[in-house]
Amino acid sequence: MIAAESLHNDTYGVASYIANTHTTGLARSGMAEWETVDLANPTEEHRMLREMVRDFVREEVEPQALEYDREEKFNLNLFRKLGEYGLLGISVPAEYGGSGMDATAVAIINEELSYSDPAFCLAYLAHSQLMVNNLAFNGTEEQKARILPKVCSGEWIGCMAMSEPGYGTDVLGMQTTAEQNTDGDWVINGRKMWITNGSVDEEGTPADICWLYARTGTDAKGRAEVTTFLVEKGMPGFSVGQKIYDKSGMRASNTAELVFDDCVVPAENIVGSPGESMIHMMRNLELERIGLAAMGLGIARRSLAAMNQYASEREAFGQEIRDFGQIQRHIGESWAEYRAMRSYIYDTARNTDLSKSGNRLDTDGVKLFGTTAAKNIADRAIQVMGGYGYVGEYTVERLWRDAKLLEIGGGTLESHQKNITRDLARMPEKIEE
Ligand SMILES: Cc1cc2nc3c(=O)[nH]c(=O)nc-3n(C[C@H](O)[C@H](O)[C@H](O)COP(=O)(O)OP(=O)(O)OC[C@H]3O[C@@H](n4cnc5c(N)ncnc54)[C@H](O)[C@@H]3O)c2cc1C
């Protein structure tokens, strides 16, 4: 293993790390390439990325995870370090300060961070996948050149605001409006709810940049024509309404209500054409769903490791508890589900081209399956560990609380069931492929 310390300097992000240490390919002599591919580490670059993040997690993320959960605080300083490693712009082209990697790389990072601290990872997901990736694929040249280097380095923290107090799954009901004034600026009014990274501290400081969806028109069915705006900290009328406390899980990520009160945004901060954001909104949701499923994979792996170790250490009635059939059921089922998640998630990531939409069926599928499997595996870990499993120090109770959010955020289970059923009606041939 390479010590995280040796990777941690300004010139040693993920791209240069891989360039400097890349030595051998995966193929073993005498075997066809497909026989040697591990979907979760398909190339040497992916394998080295995983190793780097795993070191960082062990040395920097794990020691703070319990404390920040208990205090319900976001570790902003640690978050900025992700920028030094080249992780905040993992899918952004190098010319804008990113690492130019793919959906598999995103899944690897989310899995590894969530092995230790899913809430910290949720903040990472909101920034790098919901805001930064979206800008990298949809922004204008001016927006990308001006903003991407700042969000890739961690100088700026980003968020994405879609949900509202009265509208979540029913996103096209959104009530936040934007109207163009006579100067050509846009004036935004409304409230956004549940926004991860919406505030970055306890003092109500908003994110430096908010990827905001607002209604700029209404179609014949009364649904919103949605437009994207880049709202920057300091723009008049943009503020934090409240930080939301007392969440069940994901307590080390900040969740906030954002207020737009005659908020004035210059015309150059619109992304794409008015009313045409549905396409990029849906495309980015595909990456979000892979990202959330991969978070579940990290939770599942850690929970499985914890219950497996404990089952050998704990004795009852004069024998290791792993000898009991009911404990074997918890471990055996968790292993099989974990392996199924791993294959489905990384296969879907491999088939997801970040510059195109069109993978809704499987990105909904991995989130539907992977999030509930993660919650169930964390639940079994608590059960195997008895009273100890129910206490924060033993980690799995925190993972269990964090896992529940994955069934709600980025699309509820019910929305995935609906989407999959609709997609299979349109594409029944998918079943026979
Ligand atoms: C910790 C946290 C972080 C979040 N971060 C963000 C963020 O960064 N940005 C952001 O924009 N949002 C964020 N969200 C919001 C999240 O995406 C929404 O909570 C989610 O989309 C569900 O919306 P809702 O809560 O309004 O529930 P609703 O949409 O009101 O759903 C309530 C129930 O009704 C069901 N339901 C609704 N419609 C249907 C239907 N057609 N068929 C069947 N059942 C249906 C749902 O599945 C659910 O069970 C976050 C939420 C949380 C809790």
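Two residues are said to be in contact here if their C-beta atoms, placed from the backbone, lie within 7 Å. The legends below describe a predicted model, in which local features need pLDDT of at least 70 and side-chain atom pairs count only at pLDDT 80 or more, while totals for chains, interfaces and linings use all residues. Residues are numbered from 1 along each chain as its sequence is written.

**View 1. Isoleucine 157 in the loop between helix 8 (141-153) and strand 1.** Leaving aside neighbours within four places in sequence, isoleucine 157 is in contact with His127, Asn197, Val200, Ala207 and Asp208. One of these partners, histidine 127, is 30 residues away along the chain, yet the C-alpha atoms of the two residues are separated by 6.6 Å. Isoleucine 157 counts as buried because it has 28 C-beta neighbours inside 10 Å; a residue is called buried if 20 or more other C-beta atoms lie within 10 Å of its own, exposed if 12 or fewer, and partly exposed in between, with C-beta atoms placed from the backbone. Helices (H or I, at least four residues) and strands (E, at least two) are DSSP runs, numbered from the N terminus.

**View 2. The whole chain and its division into domains.** The chain has 13 helices and 10 strands. Its radius of gyration is 22 Å, close to the 22 Å that the globule rule gives for 433 residues, so the chain is as compact as a globular protein of that length; this radius is taken over C-alpha atoms, and the rule is 2.2 Å times the number of residues to the power 0.38. Along its principal axes, the C-alpha trace spans about 80 × 50 × 45 Å, and buried residues make up 49% of the 433 residues. Of the contacts between residues at least 6 apart in sequence, 74% join residues at least 24 apart. The chain is divided into domain 1 (4-153), domain 2 (158-276) and domain 3 (279-432), with bounds that come from an automatic or database domain assignment.

**View 3. The contact between domain 2 and domain 3.** The C-alpha centres of domain 2 and domain 3 lie 30 Å apart, and the contact takes 8 residues from domain 2 and 9 residues from domain 3. On the side of domain 2 that touches domain 3, the residues divide into 3 nonpolar, 4 polar and 1 charged. In this classification Ala, Val, Leu, Ile, Met, Phe, Trp, Tyr, Cys and Pro count as nonpolar, Asp, Glu, Lys and Arg as charged, and the others, Gly among them, as polar.

**View 4. The shell of 23 residues around the ligand.** Met162, Gly168, Thr169, Thr412 and Glu414 come nearest to the ligand, where a residue belongs near a molecule if its C-beta atom, placed from the backbone, lies within 6 Å of it. The elements that give two or more residues to this shell are strand 1 (158-161), strand 3 (186-196) and helix 13 (413-426). The shell draws at least three residues from each of domain 2 (158-276) and domain 3 (279-432), and by class it has 10 nonpolar, 9 polar and 4 charged residues.

**View 5. Helix 12 (residues 396-406) and its surroundings.** Because 10 of the 11 residues of helix 12 are buried, the helix is largely enclosed by the rest of the structure. The buried residues, including Val396, Trp400 and Leu406, pack against helix 4 (44-71), helix 7 (118-138), helix 9 (278-313) and helix 11 (360-389). In the loop between helix 11 and helix 12 is threonine 395, whose phi is near 75°, a positive value in a residue other than glycine. Threonine 395 is buried, with 24 other C-beta atoms within 10 Å.

**View 6. Tryptophan 194 in strand 3.** Although tryptophan 194 is not a glycine, it has a positive phi of about 70°. With 19 C-beta neighbours inside 10 Å, tryptophan 194 counts as partly exposed.

**View 7. Alanine 161 and the largest nonpolar core.** This core has 114 residues, and those with the most contacts inside it are Met131, Ala161, Phe229, Ile290, Ile345 and Ala378; a nonpolar core is a set of buried Ala, Val, Leu, Ile, Met, Phe, Trp, Tyr and Cys residues joined through C-beta atoms within 7 Å. Not counting residues up to four places away in sequence, alanine 161 touches Lys192, Ile195, Cys210, Trp211, Leu212, Tyr213 and Leu258.
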